[in-house]
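Please open the structure in your viewer and keep a selection prompt at hand. The tour proceeds by selections, each followed by an account of what is found there.

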Amino acid sequence: MKSIYWFRNDLRLNDNLTLNDAIESSDELLFIYIQDTKNSKETEWKFSRMGRHRRSFLSQGLSALSNKLSEYGHSLNYYSDDSLDRLLKLVDKFEIDRIYCESIDAYEELVEEKKLRQHKIDLHTTYQSGLYLTDQIPFSLDELPDVFTSFRKQIELKKVKPNKPLSINERINRIKSIIDEESITFEEKIKTYANSSFPISENRFSGGEDKGFAYLESYFSSNKPSTYKKTRNELMGIDFSTKLSPWLACGYVSARQAYDFLLNYEENINKNESTYWIFFELLWREYFRLIFKKYGKKIFHKHGLGFSEGEVDHSPENFELWREGKTSSNFINAGMKELNESGFLSNRMRQIVASFLVNELACDWRAGAAWFESQLIDYDVFSNQCNWAYIAGYGTDPRGGRHFNIHKQKATYDPNNLYQELWC
């Protein structure tokens, strides 16, 4: 059987369930990645959906994936095209029997899958980007709590555990690789990220599966997991927080791999409130994926999940000041300049600048979410959209959003102006 394996946000060979299924069932495989042309188009807010930082980190990972496939005698075929059009052309050109890919349960990605099936494509998908597989969730989507705490308590009460990560199916050594001469190159010039808290120009922070796995090994060989809760709200430097989000966002590593390292750390080194908090954050990530499954396109509406109503204002002038780091607050400007120059921002600073945009500048939260989508190297549609809705009061927060006191945040997290002076 001839198959396509379509890499999406799962740019790794290990712990890739759908890829293993494709390898097991196929005699010949065409490995592909499509940079969809919609990502180069302007949003309604007048900027590209994918900026240079995301492109750079992605290009590193694609190069690494290509090299890793070559170790098994295979090639990664890369395209810049409309995903549906390219897939249909490849099916015809190589007389493909089946397409395999991970299932991404977000609106646009599900539309792609639906259209492929409407063209009578034999499409095999597996949801695999979270901690748990679909059949491990202990309740139906209709029963999914609209408050995270209720969800977390049910998961912990029923002791739901992620599966162990899987290695690549050894049959990859025996199947034939299909090579397309129309494949293009995907190199992106990488600038220096010297001041970044996730400097992708440094070898250990470069995108890719091996680098991501090495980072997991390094992080969980240190004492950082034991102090995570104390350091997670810091604003600058490579040593605060776990820094797992960029690796997870592109699928260079899986959530199950991260959890497996965490579990091993707790069993053999230390288990405390900080290590629990790492699991807590992975569970938040999982919850947002399930919220998307439950509510679909609704999360992109101006009123989000619809628990709150009211006017959603937008000032184009204020939004541009915020986006360019030219507001009346140098603290906010520092955050926006860091984002624009590095493609990364601490979780605390993301909340602060988001609150400022919505509450002080009276702008549409969806514009902020779109700018984060364009800039963040760890952009993840589920976490990004849900966190912005959460801040604005249109998400899963029963308290109706978050309004941060900027002066208090500055005094607490940057009392000596170190962060502000670094970026302003």
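## Cysteines

The structure, which is a predicted model, holds zero disulfides. A disulfide is a covalent bond between the sulfur atoms of two cysteines. Select C363 and C424 to begin. The closest cysteine sulfur to that of C363 belongs to C424, and because the two are 19 Å apart, they are too far from each other for a bond. A pair would count as a disulfide within 2.5 Å. C363 is also buried, as its relative accessibility is 4%.

Next, select C386 together with C250. C386 takes part in no disulfide, and its nearest cysteine sulfur, that of C250, lies 19 Å away. With a relative accessibility of 3%, C386 counts as buried.

## Strand β1 and its partners

Select residues 2-7, which form strand β1. How many of the six residues of β1 are buried? Five of them are, so the strand is mostly covered, given that buried means under 20% relative accessible area.

Add residues 28-36, strand β2, to the selection. β1 and β2 run parallel and are joined by six bridges. To inspect one position, display W6 and I32: the residue I32 in β2 is the bridge partner of W6.

Now add residues 98-102, strand β4. β1 and β4 also run parallel, with four bridges between them. Here the pair to display is I4 and I99, since I4 stands opposite I99 in β4.

## Helix α2

Select residues 52-70, helix α2. The helix comprises 19 residues, and the distance from its first C-alpha to its last is 27 Å. That span is close to the 27 Å expected at 1.5 Å a residue. Colouring by accessibility will bring out the buried residues of α2, among them H53, R54, F57, L58, L62, L65 and L69. The buried set also includes S56, S59, Q60, G61 and K68.

## Salt bridges around E112

Side chains of opposite charge can pair when their charged atoms come close. The structure holds 29 salt bridges. Select E112 and R8 for one of them: their closest N and O atoms are 3.0 Å apart. This pair links distant parts of the chain, with E112 in helix α4 (residues 107-118) and R8 in the loop between β1 and α1, 104 residues apart. Are the two partners buried or exposed? E112 is buried, with a relative accessible area of 15%, and R8 is buried as well, at 6% relative accessibility.

Keep E112 and add K38. The side chains of these two residues meet in a salt bridge, at 3.3 Å from N to O. Because E112 lies in helix α4 and K38 in the loop between β2 and α2, the pair ties together parts that are 74 residues apart in sequence. K38 is partly exposed, having a relative accessible area of 23%.

## A network of charged residues

Move on to E182 and R86, whose side chains form a salt bridge at 3.4 Å, N to O. E182 is placed in the loop between β6 and α6, and R86 in helix α3 (residues 83-94), so this salt bridge ties together parts that are 96 residues apart in sequence. E182 is partly exposed, with a relative accessible area of 43%, whereas R86 is buried, with a value of 13%.

Extend the selection to D81, K93, D180 and E181. Together with R86 and E182, these residues are linked in a network of salt bridges.

## A contact across the sequence

Select F382, which is found in helix α15 (residues 381-392). F382 counts as buried, with 5% relative accessibility. Then add A106 and draw the distance between the two C-alpha atoms: it is 7.5 Å, although F382 and A106 are 276 residues apart in sequence.

## A nonpolar patch

For the last stop, switch to a surface representation and select M236, L418 and L422. Which kind of surface patch do M236, L418 and L422 make? The patch they make is nonpolar, with an area of about 250 Å². L418 belongs to helix α17 (residues 418-423). At 55% relative accessibility, L418 counts as exposed, because the cut-off for exposed is over 50%.

How values were computed: Residues are numbered from 1 along each chain as its sequence is written. This is a predicted model: local features need pLDDT of at least 70, side-chain atom pairs count only at pLDDT 80 or more; totals for chains, interfaces and linings use all residues. Side-chain values use heavy atoms; hydrogens and water are left out. Patches are made of residues with over 30% relative accessible area and no salt bridge: like charges are joined within 9 Å, nonpolar side chains (Val, Leu, Ile, Met, Phe, Trp, Tyr) within 5 Å. Accessible areas come from the Shrake-Rupley method with a 1.4 Å probe; for residues, only the protein chains shown count as cover. A salt bridge is a side-chain nitrogen of Lys or Arg within 4 Å of a carboxyl oxygen of Asp or Glu. Helices (H or I, at least four residues) and strands (E, at least two) are DSSP runs, numbered from the N terminus. Buried means under 20% relative accessible area, exposed over 50%, partly exposed in between (1.4 Å probe, protein chains only). Two strands pair if DSSP finds at least two bridges between them. The expected span of a helix is 1.5 Å times one less than its number of residues.
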